[in-house]
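Let's take a friendly walk through this structure together. Keep the 3D view open and follow along.

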Amino acid sequence: MAFTGVAEKNIVFTVGDLIKYNLQPPQFLSRFLMELLEREGSVQSVVYTFPHLTIQEFVVALAQFLTPDHMDIKTRLIEAHGMTDGRFEVFLHFVAGLSSPRSAWILKEFLGQFPHQTICRVIDWVKEEV
């Protein structure tokens, strides 16, 4: 959801968006999202947003390391790098930072070990593209 939001320049999500990505609003809210009331005329609805776009971009990067599909990271990197408007620039910085052995070591206590294959794919991609 966070990746799609960055790709589509979307910072506001509905309950339907959370359900579409199998996210339970109460569980996800306490960690990353804020709940807002949106009013259109006399109708109020609840929407969700990340407290800051940078947090959304960090969640996108972190998800790449916590997703079991190691092939997906290279696809995401190629797609993000191909965007010429800079919307994925911070994401790419976060991915590069998370692939650092020092970062992985520090975060290991909280998130578990990042898959070695993912880190290698990121490093290989950076060597080829940057």
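In β3, which residue is the bridge partner of M34? The partner is T49 of β3. Please bear in mind that this is a predicted model, and every value below is computed from it.

That pair is a good way into the sheet. Three strands make up an open sheet, in the order β1-β3-β2, with antiparallel pairing. At its edges stand β1 and β2, the latter covering residues 34-40, and each of these pairs on one side only. Between β2 and β3 (residues 43-49) there are seven bridges, in the antiparallel sense. Besides M34 with T49, you can find L37, whose bridge partner in β3 is V46. On the other side, β1 and β3 also run antiparallel and are joined by two bridges. Here V12 stands opposite T49 of β3, so T49 is a handy landmark: V12 faces it in one pairing, and M34 is bridged to it in the other.

Now follow the chain through the hairpin of β2 and β3. Two residues lie between the strands, and G41 takes a positive phi near 65° there. Positive phi values also turn up outside glycine. Most residues other than glycine have a negative phi, which makes the next two worth a look on your Ramachandran plot. K9 has a phi near 55° and is found in the loop between α1 and β1. N22 likewise has a positive phi near 55°, and its place is the loop between α2 (15-20) and α3 (25-29). How accessible is N22? With a relative accessibility of 67%, N22 counts as exposed. K9 is exposed too, at 58% relative accessible area.

K9 leads us on to the charged contacts. How many salt bridges does the structure hold? There are three. One of them joins K9 to D85, with the closest N and O atoms 3.4 Å apart. D85 sits in the loop between α5 (71-82) and α6 (89-98), while K9 sits in the loop between α1 and β1, so this pair ties together parts that are 76 residues apart in sequence. D85 also forms a salt bridge with R87, where the closest N and O atoms are 2.6 Å apart. In this way K9, D85 and R87 are linked in a network of salt bridges. Looking at accessibility, D85 is partly exposed at 39%, and R87 is partly exposed at 21%. Because the cut-off for buried is under 20% relative accessible area, R87 with its 21% still counts as partly exposed.

Another salt bridge is found within a helix. D72 pairs with R76, the closest N and O atoms being 3.6 Å apart. Both residues lie in α5, four residues apart, which is about one turn of the helix. R76 counts as partly exposed, with 22% relative accessibility.

Let's turn inward. In soluble globular proteins, nonpolar side chains tend to be buried together. In this model the largest nonpolar core has 28 residues, and the members that touch the most others are F50, F65, L77, F88, F91, V95 and F114. Two or more core residues come from each of α1, α4, α5, α6 and α8 (116-129). Which of the elements gives the most to this core? That is α4, with five residues.

Helix α4 deserves a closer look. It spans residues 53-66, has 14 residues, and reaches 20 Å from its first C-alpha to its last, close to the 20 Å expected at 1.5 Å a residue. Its buried residues include V59, V60, A61, L62 and F65. Polar and charged names appear as well: Q56, E57 and Q64 of α4 are buried.

Finally, come back out to the surface. Which residues make a nonpolar surface patch of about 230 Å²? The patch is made by I11, V12 and L53. I11 is found in the loop between α1 (2-7) and β1 (12-13), and is partly exposed, at 48% relative accessible area. V12 closes our tour by pointing back to its start: as well as belonging to the patch, V12 stands opposite T49 in β3.

Terms used
Residues numbered from 1 in each chain as written. Predicted model: local features only at pLDDT ≥ 70, side-chain atom pairs only at ≥ 80, totals over all residues. Heavy atoms only, no water. Patch = residues over 30% accessible without salt bridge, like charges linked within 9 Å, V, L, I, M, F, W, Y side chains within 5 Å. Areas by Shrake-Rupley, 256 points an atom, 1.4 Å probe, with all protein chains shown as cover. Salt bridge = Lys/Arg side-chain N within 4 Å of Asp/Glu carboxyl O. Buried < 20%, exposed > 50% of the residue type's maximum accessible area, 1.4 Å probe, protein only. Pairing = 2+ DSSP bridges. Expected span 1.5 Å × (residues − 1). Core = buried A, V, L, I, M, F, W, Y, C linked by side-chain atoms within 4.5 Å.
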